[in-house]
Amino acid sequence: MASSSAIASSSAPFINKKDVGLSAFSSQSSFSVQTARKRISKKIVSVMTPQQTQRTPATTGSVKTGMTMTEKILAKASDKPEVSPGDNVWVNVDVLMTHDVCGPGSIGIFKKEFGQNAKVWDREKLVIIPDHYIFTSDERANRNVDILRDFCTEQNIKYFYDIKDLGNFRANPDYKGVCHVALAQEGHCRPGEVLLGTDSHTCTAGAFGQFATGIGNTDAGFVLGTGKILLKVPPTLRFVMDGEMPDYLLAKDLILQIIGEISVAGATYKAMEFVGSTVESLTMEERMTLCNMVVEAGGKNGVIPADKTTYDYLEGRTSVPYEPVYSDEGARYLKEYRFDVSKLEPLVAKPHSPDNRALARECKDVKIDRVYIGSCTGGKTEDFMAAAKVFLASGKKVKVPTFLVPATQKVWMDVYSLPVPGAGGKTCSQIFEEAGCDTPASPSCGACLGGPKDTYARMNEAQASYYLFYRIIDLLLIFYRVCVSTTNRNFPGRMGHKEGQIYLASPYTAAASALTGYVTDPREFLQ
Amino acid sequence: MAASAALSNSITAFKPSPCQPRAASINPLPSIKLPSISSNYPLISHFAPTPKNPTITPLRSAAAAAPETTNSSTTFHGLCYVVGDNIDTDQIIPAEYLTLVPSNPDEYKKLGSYALCGLPSSYPTRFVEPGEFTSKYSIVIGGDNFGCGSSREHAPVALGAAGVAAVVAESYARIFFRNSVSTGEVYPLESEVRICEECKTGDVVTVEFGESRLINHTTGKEYKLKPIGDAGPVIEAGGIFAYARKTGMISN
């Protein structure tokens, strides 16, 4: 039972209300939502206040405790009037997504447990998206896509983004690419719903104001048969981000800041709720980047309240009615963190952990041998636009091999057709070509997670630069593999070679680094 | 004790909820009965204890015979392999092996041969010898946030296929913990102190469920473990489906 006139407020009871200037939302119906904005208070004292624990209900004087967004979504999905963190509830699943790596295993379990002739619980609620190991000659990888196809044919699955011609992705009209970006682009992410996926970055969809999290094959097999899953309601950590976003910062910097703050286990079993004027100013793709790396902090799910930006994005993409939910005024949060975004600087996560945070400018002596721009985290249209902006500002060529892997077919087409602002009509692809980057590759997860040995841009050995005068240096650095990447993880071996060193960064920082051959703060080019 | 409590509560707090009826008349879906039980009585109390089986064997998937040991008398004895903090799924099973499908028996076995091969060269001892499919180490001892990273079920599966009976870590990432229980492949046990700093790869250890303790015979030290609670019977049964059938949640 979602409250139909919930007001979202991030002014938790214990915060001096004068310091809090955040938007309030009101919602009467799913399609006509007015967003009321309060003036942003400029009086933010520090970049990050220490975490504060929630006041006990007795001191608030409230009779009925409000629920956070996450709690409300799970309450609605489990047909309960209310739930509290710690409750175990059986939840109805709105969408289940799987891909080529975990799909076959999930299907195997489904058939074993429910019978070889069993039918999935709802042929329209399953979205099957091959994306991980596609453009490879690895026979098992190819076979796995075939397994998905056979299953979809047998079950008459409505949404199967198939690929048959591996030599030319454009010859496959149904093929999309990276599952999390495809889910959003195809309108499968809707406010208030429960979306599960056999992939840890399923939390990306929380950007749409829904509960989205990753599960394993066995749980997915269970959902395939029943359409339900047992979930424990997580407590919520609230991240309030205010201040004007500097033009050298992107959502990737914000989430690296947060993960660096709370560590890779700081949000384990918890929901991460992102609010504040800065969050409201983010586009959908930027919000997706923010929620995407929630799992890197151990988080169960990430969530951002839906607003006009969300509804505008969904316009024309989905005809399924949805009902957004918002955190109550008296909702209880485990902890609240506040940021003045205007004070933040471009960041990297150094090898070998996403929480190994450092200022990009402090890593300027780190020589790199490649740059990778791609993945669900940093391979969306706006990510490429951002990289193009830096190359445009510089006008020079890259000093290291720069790999570009658009997340989906649509992103690839945008890279080739959308004009970059301020570029006199040039597209991203033209700017990339002039800067000497590699040709944008076929859309997929690519080398973000290594993959079969023939995966494009996989870190196998040191990259030989095609600039002659660097060849000698490259021979000396034959075992030197350092990549700046817009992806989401940098644990040992993540992109292939175990000794490979990966610096996670925003597309701005990645492009700037490509131009210098060292880890570089994008302000070198953007200011 | 969030990790083990997570599943332990999940088993005890079922409420009846009707399964959505499905239109297809050919639907062979067994009905899922979610028992209404008092939260004071965990499901396992409905079963009488079975005779103790002193043979120590690692638990396998549901395909294995029904276990003869009860939760209270299960022990595991063997060599331990020690790793550090934040052992992520890429180290447990590198992504290039994810083309192997765990529900395929041959590929399940192959996954075992690659278990923990993603560990960097700072780990001088290999977990599984080249050419072998199982490891001589049946207990993995870890630090914080074991299993972080991907949701890939291949991670606990690879460990289970390699012969690991239990992981004893300071804390777990949630998807790994959940997958371990749902598949029944390994027992994810939690220690109360940093055992990974006091044990060495190759130490002979015993893990006792009933006493919730780990004994390191090589050093002579004992350590308290957090009880696995109701997640135990799920793993013992062979995973969530086997458990659901055993307890009558899914009719056979």
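## Nonpolar cores and an enclosed cavity

In this predicted model, the largest nonpolar core holds 177 residues, of which A:Phe274, A:Phe391 and B:Phe146 touch the most other members. Such a core is a set of buried Ala, Val, Leu, Ile, Met, Phe, Trp, Tyr and Cys residues joined through side-chain atoms within 4.5 Å, where buried means under 20% relative accessible area (1.4 Å probe, protein chains only). Helix α12 (residues 381–394) of chain A supplies the largest share of this core, seven residues; helices are DSSP runs (H or I, at least four residues). Because domain 1 (69–342) and domain 2 (349–524) of chain A both give residues to this core, it lies between them; the bounds come from an automatic or database domain assignment.

Apart from this core lies another, of 39 residues, including A:Met67, A:Val93, A:Phe114 and A:Trp121.

There are seven cavities of 30 Å³ or more. A cavity is a set of points on a 1 Å grid over the protein atoms alone where a 1.4 Å probe fits but cannot get out, and lining residues have an atom within 4 Å of a point. A volume is the space filled by probe spheres set on the points. The second largest cavity is described below.

| Property | Second largest cavity |
|---|---|
| Volume | about 200 Å³ |
| Lining | 22 residues |
| Closest to centre | A:His132, A:Asp199, A:His201, A:Leu449, A:Arg494 |
| Lining classes | eight nonpolar, 10 polar, four charged |

Domain 1 and domain 2 of chain A each contribute at least three residues to this lining.

Residues are numbered from 1 along each chain as its sequence is written, and chains are lettered from A in the order in which they are written. Local features need pLDDT of at least 70, side-chain atom pairs count only at pLDDT 80 or more, totals for chains, interfaces and linings use all residues, and side-chain values use heavy atoms, with hydrogens and water left out.

Conventions
Buried means under 20% relative accessible area, exposed over 50%, partly exposed in between (1.4 Å probe, protein chains only). Helices (H or I, at least four residues) and strands (E, at least two) are DSSP runs, numbered from the N terminus. On a 1 Å grid over the protein atoms alone, a cavity is a set of points where a 1.4 Å probe fits but cannot get out, and a pocket is an open set with protein on both sides within 12 Å along at least five of seven lines; lining residues have an atom within 4 Å of a point. Ala, Val, Leu, Ile, Met, Phe, Trp, Tyr, Cys and Pro count as nonpolar, Asp, Glu, Lys and Arg as charged, and the others, Gly among them, as polar.
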